[in-house]
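Reader: Please take a close look at one part of this model, the surface that faces the nucleic acid, and then work outward from there. A plain account in connected prose would suit me best.

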Number of protein chains: 2
Amino acid sequence: MGITIKEIAKLADVSKSTVSRVINDSEHVSDEARKKVQQVIEETGYIPNSLAKDLQRNKTNTIGVILPKINTSTFSSAVEGISDTMHENGYNILLTNTRLNTKEEINHLKLLKEKRVRGILFFATEVTKEHIETLERIDIPVVILGQDTSDILDFPCVIHDDFVSAQNIVGYLVAHGHKNIGYIGVEEYDIAVGQLRKKGYEAVLTENNLEINEEQIYKDGFSMESGYKGMLEIINNSQKLPTAIFAATDRLAIGAIKCLKDKGYQVPEDVSIVGIGDSDISPLITPELTTVRYDHLQAGAKASQILLNYINKQEVTEKLVMNSQIIERESVKNV
Amino acid sequence: MGITIKEIAKLADVSKSTVSRVINDSEHVSDEARKKVQQVIEETGYIPNSLAKDLQRNKTNTIGVILPKINTSTFSSAVEGISDTMHENGYNILLTNTRLNTKEEINHLKLLKEKRVRGILFFATEVTKEHIETLERIDIPVVILGQDTSDILDFPCVIHDDFVSAQNIVGYLVAHGHKNIGYIGVEEYDIAVGQLRKKGYEAVLTENNLEINEEQIYKDGFSMESGYKGMLEIINNSQKLPTAIFAATDRLAIGAIKCLKDKGYQVPEDVSIVGIGDSDISPLITPELTTVRYDHLQAGAKASQILLNYINKQEVTEKLVMNSQIIERESVKNV
DNA sequence: CTGAAAGCGCTAACAC
DNA sequence: GTGTTAGCGCTTTCAG
């Protein structure tokens with residue numbers, strides 16, 4: 001059963017209250033009593049039960065984190081950032097992984113409420129009516145990461161500006177003389193990655209009076225394989241191969257590069273490629289990938305800070321747009 | 001404050017017990033009562049407080065995970081595996097990150113005890129007397145990952161056989177004709193990575209009557225930069241460049257490759273390189289890295305299963321050695 | 001400075 | 001089938 005405060009009290013010949021006081025570093029305890037209690041604690045190896053404490057206090061020091069996947073550099077970096085700043089502030093992290101199953105998110109939200117977490121960091125993909133309803137009901141500070149929910153939800157969010165990033169990097173391609181640019185992205189249920197990045201791409205093409213060629217647009221999942229398959233489709237379906245490809249994520253870009261190599265094309269000599277995200281792999285592949293850097297660790301840290309402020313009823317940034325920058329490497333050539 | 005079981009009881013015009021029964025899917029509740037209670041719960045959005053429940057039951061369904069870093073493919077994959085199998089079995093994960101600070105481990109252990117986690121998955125690096133003492137005192141099922149603690153600790157562990165893996169991959173180098181093989185590793189306070197892998201390397205050289213050349217041995221941290229620096233040192237200090245390098249981890253190997261390239265050497269034409277770990281980056285770099293595959297996701301899953309058995313007082317594998325295999329890619333040439 | 005007592009929200013006998 | 005009761009281990013008034 002484990003030893004309790006009551007037994008410590010008995011052994012130290014004081015009351016529970018006194019033991020509680022020394023545990024919680026309260027003043028108003030005589031040195032003598034404190035010493036005795038500490039000694040007993042030391043001897044017995046007593047470790048207080050925070051369930052009881054949290055119940056009584058009606059608050060925990062646990063932060064819930066909901067993410068769709070963990071073994072990916074985006075999320076694990078963000079979690080590292082979260083973990084850093086939460087640890088510094090005395091909070092622990094309860095991790096829940098929806099494994100890309102959006103339906104599960106609602107359950108995870110409820111689970112975290114059951115645990116009475118003090119706040120939630122929610123890596124959102126899509127946000128349905130049911131999400132909104134649950135989020136509002138649970139009455140826990142939440143910060144949304146990765147999706148701009150500022151006009152549908154009354155919670156702070158921290159995002160990268162996907163539309164602008166896509167514009168920038170596609171603009172970079174245009175500036176390098178590319179006029180025929182293909183697109184490999186993900187399904188559009190994902191607002192940030194699926195829709196915004198595609199729209200940024202389209203905006204730049206339209207702006208520059210370049211043709212948007214449907215058979216050079218491909219959308220599927222997030223995996224490297226999707227990137228590979230996308231590139232393959234574009235190769236097979238194109239009358240004329242695009243001179244450049246904008247991939248919505250680095251991972252996709254890497255898959256595409258692999259495909260091009262397999263098919264005997266050279267990157268960037270035959271086809272230039274860019275991505276978004278600056279995955280840790282990107283500088284290591286050949287050619288090193290030109291991309292847009294998103295600092296996920298920093299995003300995690302910032303989001304944590306916002307959540308902390310929220311919890312402490314301080315002023316809160318409603319929408320933090322992380323800035324991003326183009327990282328020029330080797331996968332684009334002038335044309 | 002949140003709504004409680006008591007209020008649900010009142011609204012549904014039944015007792016707390018009945019509400020508790022329907023929440024916990026107990027039989028012995030009339031359909032009528034159940035329906036009424038469920039309706040009230042639905043209407044109010046009531047979500048039970050698991051702190052109270054866990055306190056009363058004297059058990060939680062959360063598992064503590066202690067790791068030294070999260071944004072690395074080794075750990076995030078392991079956590080993915082853990083998360084998968086724990087989720088399937090109705091457990092949640094409390095993550096604690098020591099950020100490579102070994103001294104912190106003891107505190108994290110205590111913290112998890114406070115939270116009364118049901119079991120702990122502990123990614124160990126070194127295991128000191130204090131560790132042992134704490135581990136034994138907290139009286140919680142623990143499974144150790146990454147270090148063979150079978151003769152000092154009475155807890156199950158799951159490991160990769162680092163000695164044998166190192167032997168195998170260095171043997172592979174020897175089989176390809178290499179006689180002058182350098183080593184880039186990590187400090188030896190880390191038993192598995194620092195000591196065992198080095199010993200495996202030395203064993204093979206000795207066995208084959210090859211010279212162990214101290215200026216071609218370098219030890220430092222785990223980062224890519226360490227690999228780079230290590231390679232640089234070896235280049236600078238060697239009378240004659242080794243024909244092959246065994247790096248204790250893929251990350252180190254990748255750093256070393258980068259250095260070689262920067263210095264104008266070709267891999268594997270000038271120097272062959274191998275690593276251990278099969279990081280997800282390894283097949284993507286140029287040249288693709290020949291290495292030993294460790295399946296960390298699987299290791300996480302297996303360790304979880306062992307922990308679960310331990311918790312349920314079923315029989316437990318005391319020491320699970322995950323097998324590993326050489327993945328032949330492009331970074332080694334015959335000499 | 002210290003102890004007694006009440007109670008956090010819930011479960012689990014035990015009666016009815 | 002259902003309600004009553006007694007805590008789980010702790011904090012927190014409130015007296016003394």
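Author: In this predicted model, a polar backbone atom of A52(A) lies 3.3 Å from a base nitrogen of DNA strand D. Chain B supplies contacts to the phosphates. A polar backbone atom of S15(B) is 2.8 Å from a phosphate oxygen of DNA strand D, and an N or O atom in the side chain of H28(B) is 3.0 Å from a phosphate oxygen of that strand. Helices of both chains build the surface around these contacts: α2 (16–23) and α4 (50–57) of chain A, with α2 (16–23) and α4 (50–57) of chain B, are the elements that each give two or more residues to the surface near DNA strand D.

In total, 26 residues surround DNA strand D. The closest of them are I5(A) and Y46(A) from chain A, and S17(B), R21(B) and Q56(B) from chain B. By type, the residues of this surface comprise 12 polar, 9 nonpolar and 5 charged. On the DNA side, sugar or phosphate accounts for 62% of the strand D atoms within 4 Å of the protein, and bases account for the rest.

A backbone detail of chain A can be added here. H28(A) has a positive phi of about 60°, although H28(A) is not a glycine. H28(A) sits in the loop that runs between α2 and α3 (31–44) of chain A.

The domain assignment gives chain A three parts: domain 1 covers 5–48, domain 2 covers 62–161 + 296–323, and domain 3 covers 162–293. The C-alpha centres of domain 1 and domain 3 of chain A are 64 Å apart.

Next, the interface of the two protein chains. Chain A and chain B each bring 55 residues to the contact. About 4,700 Å² is buried between them, and carbon and sulfur atoms give 53% of that area. On the chain B side, I47(B), L51(B) and L284(B) supply 15% of the area buried against chain A, more than any other three residues.

Polar and charged pairs also cross this interface. There are 4 salt bridges between chain B and chain A, and one of the salt bridges in the model joins E288(B) to K258(A), with the closest N and O atoms 3.4 Å apart. Side chains of opposite charge can pair when their charged atoms come close. Polar contact links 36 residue pairs across the interface, with both partners at pLDDT 80 or more. The elements of chain B that each supply at least two residues to the side touching chain A are α3 (31–44), α4, α5 (73–88), β2 (92–97), α6 (104–114), α7 (129–138) and α11 (250–262). Of these, α5(B) gives the most, with 7 residues. The residues on this side of chain B divide into 20 nonpolar, 18 polar and 17 charged.

Over all chains, the structure holds 20 salt bridges. One of the salt bridges within chain A pairs K319(A) with D148(A), whose closest N and O atoms are 2.7 Å apart. K319(A) is in strand β11 (residues 319–322) and D148(A) is in the loop between β4 (142–145) and β5 (157–160) of chain A, so this pair ties together parts that are 171 residues apart in sequence.

Two peptide bonds of chain B deserve a remark. The bond from V267(B) to P268(B) is cis, with omega near 5°, and P268(B) belongs to the loop between α11 and β9 (272–274) of chain B. T286(B) and P287(B) are also joined by a cis peptide bond, with omega about -5°. P287(B) is in the loop between β9 and β10 (291–293) of chain B.

Definitions and conventions. Residues numbered from 1 in each chain as written. Chains lettered and ligands numbered in written order. Predicted model: local features only at pLDDT ≥ 70, side-chain atom pairs only at ≥ 80, totals over all residues. Heavy atoms only, no water. Domains from an automatic or database assignment. Near = heavy atom within 4 Å. Polar contact = N/O pair within 3.5 Å; in protein donor to acceptor, adjacent residues only side chain to side chain. Helix = DSSP H or I, 4+ residues; strand = E, 2+ residues; numbered from the N terminus. Nonpolar A, V, L, I, M, F, W, Y, C, P; charged D, E, K, R; others polar. Contact = heavy atoms within 4.5 Å. Buried area = accessible area lost by both parts, 1.4 Å probe. Salt bridge = Lys/Arg side-chain N within 4 Å of Asp/Glu carboxyl O.
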